[in-house]
Amino acid sequence: MISLVGMPGSGKSTVGRHVARQLGLDFVDTDHLIEQRIGCSIREYFELHGEPAFRDVEQAVVSEATAMTHVGVMATGGGVVLREANRDLLRERTTVMYLRTMPDDLARRLRNDTHRPLLQGGGDAARRLRQLFQERDPLYRRAAHFVIETQRPSVHGLVNMVLMQVELAGLGRTSDGAAARP
C-alpha cells in the first residue's frame, strides 16, 4: 500500500485518487473513513469532543486502514503523524510518500477553506500554517520513505512525481491487486 502524508491542503486526496486510478488500485481516504465512523464532519467532532478524542478515532482508523489488503493507495489526514503509533503503522505497513508543501503555498490554496478545524477560529491562517509546518515537517519526514517537494506543480505533475517514485521503488501490484513493498 502507498500512503500519502502531508500538511492540510497539500493534495493528498486528489493526488491519491489519481495515482490509484493510474495504477488500477483501490483508493481510501482516512478522513472519509473517520467521518463515516463518527457520523458527522471532522470539524463538528473537533468542536464537540476536542482534538485528543479525534486523534483516538484517527489512530483506530489508521490501524484498520493499513491492514486493508484490497486498498493500494491511501490518503491520510494532515495530523496523522502527530502520534508515534500512526507513524510506525504507516511506515511498517505502507510505503509513505510525503507531499511536502511550503506554508505560503498552502495559505494560498486554503484561503477560503472553512472545513479544516485547525485553521478555523480567526487569526492569521498563514501564520498558523507556518507554525503547523514547523511542528509537523520533522514528523512527516520521520514517517516518510520518500519526500516529494510539491512547489506548485499541477495535480498531473504531482501524480507523475508519485508514479515515478513508485516505479523507482520497484512497487508493483501483488496478486490481490494491492501495491507491493519492494
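These are my notebook entries on what I looked up in this structure, which is a predicted model.

**Entry 1: confidence**

I began with the confidence of the prediction, and found a mean pLDDT of 86 for the chain, with 86% of its residues at 70 or more. I then noted one stretch apart from this, residues 174-178, where the pLDDT is below 50. In the model this stretch has eight contacts beyond near neighbours in sequence. I keep in mind that where pLDDT is low, the predicted coordinates should not be read in detail.

**Entry 2: strand 4 and its partners**

I looked next at strand 4, which spans residues 95-100, and asked how many of its residues are buried. I found that six of the six are, so the strand is largely enclosed by the rest of the structure. When I followed the side chains along strand 4, I saw Thr95, Met97 and Leu99 pointing one way and Val96, Tyr98 and Arg100 pointing the other way, with all of them buried.

I then checked which strands pair with strand 4. Strand 1, residues 2-5, runs parallel to strand 4 and is joined to it by four bridges, and on this side I located Ser3 opposite Val96. Strand 5, residues 146-149, also runs parallel to strand 4, again with four bridges, and here I located Leu99 opposite Ile148.

**Entry 3: salt bridges**

I searched the whole structure for salt bridges and obtained nine. I took up three of them one by one.

The pair I opened with was Arg37 and Glu64, whose side chains meet with N and O 2.3 Å apart. Since Arg37 belongs to helix 2 (residues 30-38) and Glu64 to helix 4 (residues 51-65), the pair ties together parts that are 27 residues apart in sequence. I looked up the exposure of both partners, and each came out as partly exposed, Arg37 with a relative accessible area of 42% and Glu64 with 41%.

I then turned to Glu51 and Arg55, where the closest N and O atoms of the salt bridge are 3.0 Å apart. Both residues lie in helix 4, four residues apart, which is about one turn of the helix. Is Arg55 buried or exposed? I found Arg55 to be buried, at 7% relative accessibility, whereas Glu51 is partly exposed, at 28%.

The third pair I examined was Asp137 and Arg141, with a salt bridge of 3.1 Å from N to O. I placed both in helix 7, residues 125-143, where they are four residues apart, about one turn of the helix. Asp137 counts as buried, at 9% relative accessibility, while Arg141 counts as partly exposed, at 38%. I also found that salt bridges sharing partners join Arg100, Asp137, Arg141 and Glu149 into one network. I recognised Arg100 from my entry on strand 4, where I had listed it among the buried residues.

**Entry 4: helix 3**

I went on to helix 3, residues 42-49, and noted that Ile42, Tyr45 and Phe46 are buried. They cover an arc of only 100° around the axis, and I therefore put them on the same side of the helix. On the other side of helix 3 I found Glu47 and Leu48 exposed. What covers the buried residues of this helix? I found that the cover includes helix 2 and helix 4, the two helices that the Arg37 and Glu64 pair had brought up before. Just after helix 3 I came to Gly50, which takes a positive phi of about 90°.

**Entry 5: Arg17**

I closed with a look around Arg17, which I located in helix 1, residues 12-23. Arg17 is partly exposed, with a relative accessible area of 35%. The side chain of Arg17 reaches the backbone oxygen of Ser13 at 2.8 Å. I then asked which residues Arg17 touches when those up to four places away in sequence are not counted, and found Phe27 and His32. I also looked up the separation between the C-alpha atoms of Arg17 and Met74, which are 57 residues apart along the chain, and found it to be 8.5 Å.

Key:
Residues are numbered from 1 along each chain as its sequence is written. This is a predicted model: local features need pLDDT of at least 70, side-chain atom pairs count only at pLDDT 80 or more; totals for chains, interfaces and linings use all residues. Side-chain values use heavy atoms; hydrogens and water are left out. A salt bridge is a side-chain nitrogen of Lys or Arg within 4 Å of a carboxyl oxygen of Asp or Glu. Buried means under 20% relative accessible area, exposed over 50%, partly exposed in between (1.4 Å probe, protein chains only). pLDDT is the predictor's confidence in each residue, from 0 to 100. Contact means heavy atoms within 4.5 Å. A polar contact is a pair of N or O atoms within 3.5 Å; within protein, one must be able to donate a hydrogen and the other to accept it, and residues adjacent in sequence count only if both atoms are side-chain atoms. The arc is that of the directions from the helix axis to the C-beta atoms. Two strands pair if DSSP finds at least two bridges between them.
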